[in-house]
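Please work through the exercises below with the sequence and the model side by side. Each task is followed by a solution that goes step by step.

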Amino acid sequence: MANTDAVVWPVVGHQWAVELLYPLAQNGGSGPRHAYLLLGPPQIGKSTLAWAFGGALLCTSSGTRPCGNCRSCQLMAKGGHPDMRLVQPTDREGNVDRANGMLRVEAAEAIVHEAMLRPLEAKYKYILIQDAHRANDSFANKLLKTLEEPAAHVILCLTANDRAELLPTIVSRCQTLELRPLPVELIAHSLESRGAADATEAQLLARLSNGRFGWALAQLQGKQNREQREEDLRSLWQLTRASRVERLAFSQSLSGNRENERLFGLLALWTGWWRDVLLAQAGCLDACNNIDHQAEIQRDAQSCAQVDVQAFLYTLRRVEGYLRHTVNTALALDVLLLQLPRPMTQQ
Ligand SMILES: [Zn+2]
């Protein structure tokens with residue numbers, strides 16, 4: 001980029017993506033393409049980047065965009081710019097529900113209509129479609145109309161977890177930016193410098209986040225998340241030492257939870273835990289993520305067989321895939337719970 005140091009957008013990390021998008025919104029730049037697709041795991045920063053990009057496109061400053069000062073930037077900050085439309089999954093009643101809702105055909109019809117109108121204030125109409133992987137077929141097909149016959153002033157930005165969950169005809173019409181997990185140190189430093197967490201907590205959350213700043217930040221909002229983690233870890237430790245009957249009872253209590261963020265969050269926590277146990281068994285306790293529970297990691301590393309831990313991690317990954325693709329949830333979870341490692345003295 002000419003004559004500028006690193007561009008500062010209100011985005012943590014993903015600097016390569018910022019530098020790719022930034023010049024498109026500047027005066028005299030080549031201008032944006034018609035549609036962008038931001039890919040990456042939940043809470044990695046896709047929507048934050050998409051908002052910043054939208055803010056830059058709608059900003060009216062002649063300098064660096066977004067400027068944060070012009071009327072456009074102020075409207076964006078309040079979430080109410082007339083040329084910005086946010087489209088999110090909803091339940092059948094039309095309430096936003098990002099965990100279980102769908103992008104439905106009515107929303108696509110609104111986008112098609114919106115795309116025909118001229119911008120009211122800005123140069124563009126910016127339409128941000130969150131969680132495009134939750135589009136049903138009629139939404140996707142309707143949206144394709146807009147993607148195929150673009151009006152020059154319409155910029156679409158889609159976010160999705162994984163390109164495999166989208167229609168190839170949608171992916172091929174967008175410029176794709178795949179956001180990667182951020183380094184632990186960057187997340188820890190950002191949490192600490194915002195005053196959101198002290199050094200110890202920032203380090204713990206950064207390690208547990210799998211490179212997702214949004215996830216780490218969300219954990220700090222309310223004690224609830226931290227207490228939930230403690231409770232989930234304790235129940236995992238108990239299950240490791242529980243009978244088959246108790247494990248199956250737990251599986252049943254979980255299986256009502258398919259497609260629920262809570263279930264996938266729990267599986268992610270289990271994956272993180274057993275990965276740490278495996279690291280400790282390999283003599284790499286320092287590389288563990290659950291740094292506040294090193295004694296328990298050591299305990300499980302010493303008492304469980306490495307081959308069982310490896311097999312369980314493998315099953316966890318497979319079961320997670322099944323659960324995302326509507327295989328019999330109860331059965332998949334039963335298999336998982338029965339494979340949970342147990343201390344060797346109990347076998
Ligand atoms: Zn501005």
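The exercises move from the whole chain to the sheet, then to the helices, and end with backbone geometry.

This is a predicted model, in which local features need pLDDT of at least 70, side-chain atom pairs count only at pLDDT 80 or more, and totals for chains, interfaces and linings use all residues. Residues are numbered from 1 along each chain as its sequence is written.

**Exercise 1. The whole chain**

Task: Find how many helices and strands the protein chain has, and what its C-alpha trace spans along the principal axes.

Solution. Begin with the secondary structure, where helices (H or I, at least four residues) and strands (E, at least two) are DSSP runs numbered from the N terminus. Counted in this way, the protein chain has 15 helices and 5 strands. Next, take the extent of the C-alpha trace, which is about 70 × 45 × 30 Å along the principal axes. Then turn to burial, for which a residue is buried if 20 or more other C-beta atoms, placed from the backbone, lie within 10 Å of its own, exposed if 12 or fewer do, and partly exposed in between. Buried residues make up 35% of the 347 residues in the protein chain.

**Exercise 2. The sheet**

Task: Establish in which order the 5 strands form the sheet, and which are the edge strands.

Solution. Pairing comes first: two strands pair if DSSP finds at least two bridges between them. On that basis the 5 strands form an open sheet with parallel pairing, in the order β2-β3-β4-β1-β5. Its edge strands are β2 and β5 (175-178), each of which pairs on one side only. From one strand to the next the twist averages 15°.

Now look at individual pairs. Strand β2 (residues 84-87) and strand β3 (residues 125-129) are joined in the parallel sense over 4 bridges, and V87 stands opposite I129 in β3. β1 and strand β4 (residues 154-160) are likewise parallel, over 5 bridges, with A160 in β4 as the bridge partner of L39.

Finally, follow the connection between two of the strands. β2, helix α4 (residues 105-116) and β3 make a right-handed β-α-β unit, where right-handed says that, with the strands pointing away from the viewer, the path from the first strand over the helix to the second runs clockwise.

**Exercise 3. A helix pair**

Task: Describe how helix α10 and helix α12 pack, and which residues make the contact.

Solution. Start with the geometry: helix α10 (residues 224-240) and helix α12 (residues 261-281) pack at an angle of about 65°, with their axes 11 Å apart. These axes are lines fitted to C-alpha atoms over the stretch in contact, and the angles run from 0 to 180 degrees between N-to-C directions. Then list the residues in contact, that is, those whose C-beta atoms, placed from the backbone, lie within 7 Å. They are R229, D232, L233 and L236 of α10, together with L266, L269, W270 and W273 of α12.

**Exercise 4. A covered helix and its surroundings**

Task: Determine which residues of α8 are buried and what they pack against.

Solution. Helix α8 (residues 199-208) is mostly covered, since 7 of its 10 residues are buried. These are A202, Q203, L204, L205, A206, R207 and L208, and they pack against α7 (184-193), α9 (213-220) and α12.

A residue of α7 shows this from the other side: L191 lies in that helix and is buried, with 26 other C-beta atoms within 10 Å. Leaving aside residues up to four places away in sequence, L191 touches A196, A197, A202, L205, A206 and A216. L191 and L217 are 26 residues apart in sequence, yet 7.3 Å apart in space, C-alpha to C-alpha.

**Exercise 5. Backbone geometry**

Task: Locate H14 and Q43, and decide whether each is buried or partly exposed.

Solution. H14 belongs to the segment before α1 (15-25), and its phi is near 50°, a positive value in a residue other than glycine. H14 is buried, with 24 other C-beta atoms within 10 Å. Q43, in the loop between β1 (35-39) and α2, has a positive phi of about 65° although it is not a glycine. Q43 counts as partly exposed, with 19 C-beta neighbours inside 10 Å.

As a last step, examine the peptide bond from R65 to P66, which is cis, with omega near -5°. P66 lies in the loop between α2 (46-58) and α3 (71-77).

Terms used:
Two residues are in contact if their C-beta atoms, placed from the backbone, lie within 7 Å.
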